[in-house]
Amino acid sequence: MPKSGYIAIIGKPNVGKSTLMNAIIGSKLSIVTPKPQTTRRNVLGIYTQKETQMVFIDTPGVLKPRYELHKSMMNFVEESLSGADIIIVIADVTRPETATRVLTPPFIEALKTLKKPCIAILNKMDALSDKTQALPFISALEELGVFTEFIPISALQKDNTDTLVHILESLLPEGEFFHDPEILSTMPQRFFVSELIRETVFELFKEEIPYSTEVTISEFKEREKGKWYIAADIIIEKESQKAILIGEKGSKIKQIGLLSRDKVEEHLEFPVFLELFVKVREDWRSKTTYLRSFGY
Ligand SMILES: Nc1nc2c(ncn2[C@@H]2O[C@H](COP(=O)(O)OP(=O)(O)OP(=O)(O)O)[C@@H](O)[C@H]2O)c(=O)[nH]1
Ligand SMILES: [Mg+2]
């Protein structure tokens, strides 16, 4: 009998959830940046090996909502918890508070009532010069009485991630595969393209610009044989941000375009013509009508 199931990856922003999913799947499905709050929606990653299929759900980092956008992000987290067969909670070993802040008493109670296997992951072990520094952290997690496994890993270096995969295999329920074993995700190509552009904005800009940016794809079509045209809107919140994003004589937007195009071509494995448009949607993060139109 094959085994299959959904595995939710939960944790504070920036602890390495997306890095871990990409490491297990062996492909860059979820964007990764050094900044917190990179992931805004649930991203599915499918791992199929022989008789086993694991569907990972990478989620936005758990935070206290300050915008309507954050509320939608936290709804995605809740959705992933209720749909999961197994829950992975990741913490950054170099910042123990990333565990305690997400593992609040109400959160632990909620996990307990779900009655699903919960695994604690201590990530970024490579960044600890003395590995024993992780021990008090593990004891603190043990005391919560909800986790059955405690696995130190480095998602970045793919260190000990195979141990995690073996443990997940043993916990997975029996059942037919949910998805075609050949595919790595069910998300549409448009999603990956918009995310890669958003990742580039996260990399090139500081402070509020990345957080005020959303990317939507308005056109994605083959114009002549083998020549794809993609038009994307980069949406920001204020007129003043437009000038920053475009840069002097369009230098910044050109840079975003070039860097994004390289990433998109690598992902799609075919050449594209990428055209970017900057649009202002006043305070979109706080407005449900805009959020709904962006699919939040
Ligand atoms: N040293 C080290 N850095 C890591 C490791 N895993 C992730 N990182 C880094 O941590 C940062 C955040 O990684 P992400 O995978 O984007 O974290 P996330 O939890 O998905 O973050 P959000 O989407 O914002 O919630 C990036 O700079 C990663 O390169 C690790 O094992 N070791
Ligand atoms: Mg992420």
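**Figure 1. Serine 154 sits in the loop between β6 (149-152) and α6.** This is a close-up from a predicted model, as are the other views here. At 1% relative accessibility, serine 154 counts as buried, because the cut-off for that label is under 20%. Look for the side chain of aspartate 126: the serine 154 side chain makes a polar contact with it at 2.8 Å. Leaving out residues up to four places away in sequence, serine 154 touches Asn123, Lys124, Met125, Asp126, Asp159 and Thr161. So aspartate 126 turns up both as a polar partner and in that list of touching residues.

**Figure 2. Histidine 179 lies in the loop between α6 (161-171) and α7 (189-204).** What is its relative accessibility, and is histidine 179 buried or exposed? The value is 17%, so histidine 179 counts as buried. Its side chain joins that of tyrosine 6 through a polar contact of 3.3 Å. Besides Tyr6, histidine 179 touches Leu44, Ile46, Gln53, Val55 and Thr186, with residues up to four places away in sequence not counted.

**Figure 3. Two side-chain oxygens meet the magnesium ion (ligand 2): Ser18 (OG) and Thr39 (OG1).** These are the protein donors, and they lie 2.0 to 2.1 Å from the ion. Serine 18 belongs to helix α1 (residues 17-25), while threonine 39 is in the loop between α1 and β2 (43-49), so the pair ties together parts that are 21 residues apart in sequence. Serine 18 has a relative accessible area of 7% and is buried. Threonine 39 is buried too, at 8%.

**Figure 4. Helix α2 (residues 68-83) packs against strands and helices.** Its 16 residues should span 22 Å at 1.5 Å a residue, and the end C-alpha atoms are 23 Å apart, which agrees. The buried residues of α2 are Leu69, His70, Ser72, Met73, Met74, Phe76, Val77, Ser80 and Leu81. Which elements do the buried residues of α2 pack against? The partners are β1 (3-11), β3 (52-58), β4 (86-92), α4 (105-114) and α11 (288-293).

**Figure 5. Helix α7 is largely enclosed by the rest of the structure.** Why say that? Twelve of its 16 residues are buried, so little guesswork is needed. The buried set includes the phenylalanines Phe191, Phe192 and Phe202, and also Glu195, Arg198 and Glu199. From first C-alpha to last, α7 reaches 23 Å, close to the 22 Å expected at 1.5 Å a residue.

**Figure 6. Domain 1 (3-171) meets domain 2 (189-293).** The contact takes 16 residues from domain 1 and 18 residues from domain 2. The C-alpha centres of the two domains lie 28 Å apart. Between them, domain 1 and domain 2 bury about 1,700 Å², with 56% of it on carbon and sulfur atoms. On the domain 1 side, Ile31, Lys35 and Arg40 lose the most area to domain 2, together 35% of what that side buries.

**Figure 7. Glutamine 37 and glutamate 269 each have a positive phi.** Most residues other than glycine have a negative phi. Glutamine 37 has a phi near 65 degrees and is found in the loop between α1 and β2. With a relative accessible area of 23%, glutamine 37 is partly exposed. The phi of glutamate 269 is also near 65 degrees, and this residue is in the loop between α10 (251-268) and β9 (272-280). At 71% relative accessibility, glutamate 269 counts as exposed.

Key:
Residues are numbered from 1 along each chain as its sequence is written. Chains are lettered from A and ligands numbered from 1 in the order in which they are written. This is a predicted model: local features need pLDDT of at least 70, side-chain atom pairs count only at pLDDT 80 or more; totals for chains, interfaces and linings use all residues. Side-chain values use heavy atoms; hydrogens and water are left out. Helices (H or I, at least four residues) and strands (E, at least two) are DSSP runs, numbered from the N terminus. Buried means under 20% relative accessible area, exposed over 50%, partly exposed in between (1.4 Å probe, protein chains only). A polar contact is a pair of N or O atoms within 3.5 Å; within protein, one must be able to donate a hydrogen and the other to accept it, and residues adjacent in sequence count only if both atoms are side-chain atoms. Contact means heavy atoms within 4.5 Å. Donors are N, O and S atoms within 2.8 Å of the metal (3.2 Å for Na, K and Ca); water is not among the atoms, so sites may look incomplete. The expected span of a helix is 1.5 Å times one less than its number of residues. Domain bounds come from an automatic or database domain assignment. Buried area is the accessible area (1.4 Å probe) that two parts lose on being put together, summed over both.
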